[in-house]
Amino acid sequence: MPIKRMNRVLATAAVFTTAALVMSGCTKVEEGGDAASSFPEKDIRLIIQANPGGGSDLSSRALATELEKILDVSVIPENMPGAAGALAMEYVAEQDPDGYVIGFGPVEIAMLNTTQDANVLPENFDMLGQIMLAPGVITVSASSDIQTLEDLVAQSKTAPVTVANSGAGSIWEAASIALGTETGGEVTPVPYDGGAPAVAAAASGETVAAVSGLGEALSQGSAVRILAVMNDERHPDAPDVPTVEEAIGSEIVFGGWGGIYAPAGLPDDVHDTLEAAIKEAVESDAYTKFQEDAGNLVVYRDSAEFTEFVGEQFTLFQDLLG
C-alpha cells in the first residue's frame with residue numbers, strides 16, 4: 001500500500017478511535033449523572049421512635065403507604081422505642097446520609113436535649129418536612145365545677161391545680177408548665193403513661209385537669225369538658241371550643257407536631273427527591289383523611305420552613321424547661 005494512502009487510513013482510524021473514546025467518556029458521565037439522580041434504587045427504612053399503635057406509629061405508617069406509591073420502592077416502618085425517643089433519633093443521626101434511613105420526628109426531637117440531656121440536636125439532622133399537628137387541649141371532668149379556662153386559672157391562683165399529662169419531659173408536661181407560667185397560677189404537672197390515661201385521670205377526678213391531644217380527649221366522650229384548644233385557631237372537630245387566647249387573652253400554643261428527618265448531609269438530589277415525595281404524600285386524599293379521622297390537623301412545612309421551626313422550638317424548650 002502506498003505510504004500516503006496508509007497515512008490516510010491510519011488518520012481516519014485515529015479519528016474514529018478518538019471519537020469512540022470521547023463518546024465512551026460522555027456515556028460514563030451521563031451514566032454517572034443518571035446514577036446520581038436515580039434515587040431511590042432500594043427500600044427505605046422509616047425509623048419510628050415509639051411502640052406500635054400510638055400516634056407517631058400510625059402517622060408514620062399512613063405516610064409510608066403514600067410514599068411507596070410515589071417513590072416506587074418499599075418504605076418499611078421500623079419501631080425503635082426507648083429513652084423517650086432519643087434511642088431512635090440518635091440511631092438515625094449515625095446512619096449514612098444516603099436517604100435510605102429516615103425517621104419520624106415528633107416534637108420531642110426539639111426537647112430531648114433539654115429534658116433528657118440526649119445527643120439530639122437540630123444540626124444532627126436534615127429536616128425534610130412537617131407532616132401533621134395534634135393541637136393540645138385542656139380538659140376537666142364533666143362533673144367538675146370548673147366551667148371555663150378562666151375558672152381553672154382563677155382556681156390555680158388560690159391553690160395548686162393538678163394537671164395530668166402524658167409523661168415527664170413530654171410536650172403535654174411542657175404545655176402544663178407553660179399554662180402556669182403564662183397565667184401566674186400554680187400548676188402541678190402529674191405524669192401518666194400516655195395522653196389517654198392522663199385524660200382518664202381528669203375524667204375520674206383523680207386530677208383537676210389534663211392536657212392532651214384532642215383525639216385523646218374526644219375518646220372520653222361526655223366524661224370530660226374541653227375548656228380550650230392550645231392552638232392559634234379553633235379545631236374543626238371542636239368548633240365550639242375556644243382557643244386559649246380567646247378564653248383568657250394569653251397566647252399559649254402547644255401541639256404534638258411531627259415530621260420526617262434524615263441524617264445530616266444528604267446529597268442535594270436525594271434531599272430534593274424526598275422533600276418532594278413527602279409533600280405529595282401529605283397532600284394526598286388518603287393521608288389527609290387518615291389525619292382528619294385521628295383528630296389531627298394536616299400541617300405541612302417544607303424543608304426550609306421545618307428546619308427553622310424546629311430550631312425555634314428547640315430554643316423555646318430550652319428556655320421553658322432548661
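Which residues in H2 meet which residues in H10? In this predicted model, where local features need pLDDT of at least 70, side-chain atom pairs count only at pLDDT 80 or more, and totals for chains, interfaces and linings use all residues, the answer can be read from the contacts between these two helices. Residues are numbered from 1 along each chain as its sequence is written, and side-chain values use heavy atoms, with hydrogens and water left out.

On the H2 side the participants are Leu63, Glu66, Leu67, Ile70 and Leu71, and they meet Thr273, Leu274, Ala277, Ile278, Glu280, Ala281 and Val282 in H10, where contact means heavy atoms within 4.5 Å. Two packed helices are described by the angle between their axes and the distance between the axes. Here helix H2 (residues 55-71) and helix H10 (residues 268-282) pack at an angle of about 120°, with their axes 9 Å apart; axes are lines fitted to C-alpha atoms, for helices over the stretch in contact, and angles run from 0 to 180 degrees between N-to-C directions. The two helices are therefore oblique to each other, given that angles under 35 degrees count as roughly parallel, over 145 as roughly antiparallel, 65 to 115 as roughly perpendicular and the rest as oblique. H2 passes H10 in a right-handed crossing (left-handed if the near helix is turned anticlockwise from the far one by less than a right angle, right-handed if clockwise).

The chain as a whole holds twelve helices and ten strands, which are DSSP runs numbered from the N terminus, helices being H or I over at least four residues and strands E over at least two. Of its 322 residues, 46% count as buried, a term that means under 20% relative accessible area, with exposed over 50% and partly exposed in between, for a 1.4 Å probe and protein chains only. Among the contacts in the chain with a separation of 6 or more, 78% are accounted for by residues 24 or more positions apart.

One open sheet has five strands in the order S2-S1-S3-S10-S4, with mixed pairing; two strands pair if DSSP finds at least two bridges between them. Its edge strands, each pairing on one side only, are strand S2 (75-79) and strand S4 (125-132), and the twist averages 30° from one strand to the next. S4 and S10 pair in the antiparallel sense over six bridges, and Met132 stands opposite Gly258 in S10. H10 packs on this sheet, touching S1, S3, S4 and S10, and its direction makes about 10° with that of S4. Helix H3 (residues 86-93) lies across strand S1 (44-48), strand S3 (101-106), S4 and S10, and runs at about 40° to S10.

Within strand S10 (residues 258-263) lies Ala262, which counts as buried at 0% relative accessibility. Leaving out residues up to four places away in sequence, Ala262 touches Val92, Val101, Ile102, Asn124, Phe125, Asp126 and Leu128. The C-alpha atoms of Ala262 and Leu46 are separated by 9.5 Å, although these residues are 216 residues apart along the chain. In the loop between H9 and S10 sits Gly256, which is buried with a relative accessible area of 16%. Apart from residues up to four places away in sequence, Gly256 touches Val107, Met132, Leu133, Ala134 and Trp172.

Another open sheet of five strands has the order S7-S6-S8-S5-S9, also with mixed pairing; S7 and S9 are its edge strands, each pairing on one side only. Four of the five residues of strand S6 (residues 161-165) are buried, so S6 is largely enclosed by the rest of the structure. Five bridges join S6 to strand S7 (residues 187-191) in a parallel arrangement, with Val163 opposite Pro189 in S7, while S6 and strand S8 (residues 209-213) pair in the parallel sense over two bridges, where Ala209 is the bridge partner of Val163. By contrast, strand S5 (residues 136-141) and S8 pair in the antiparallel sense over four bridges. Helix H7 (residues 195-204) lies across S5, S6, S8 and S9, running at about 150° to S8.
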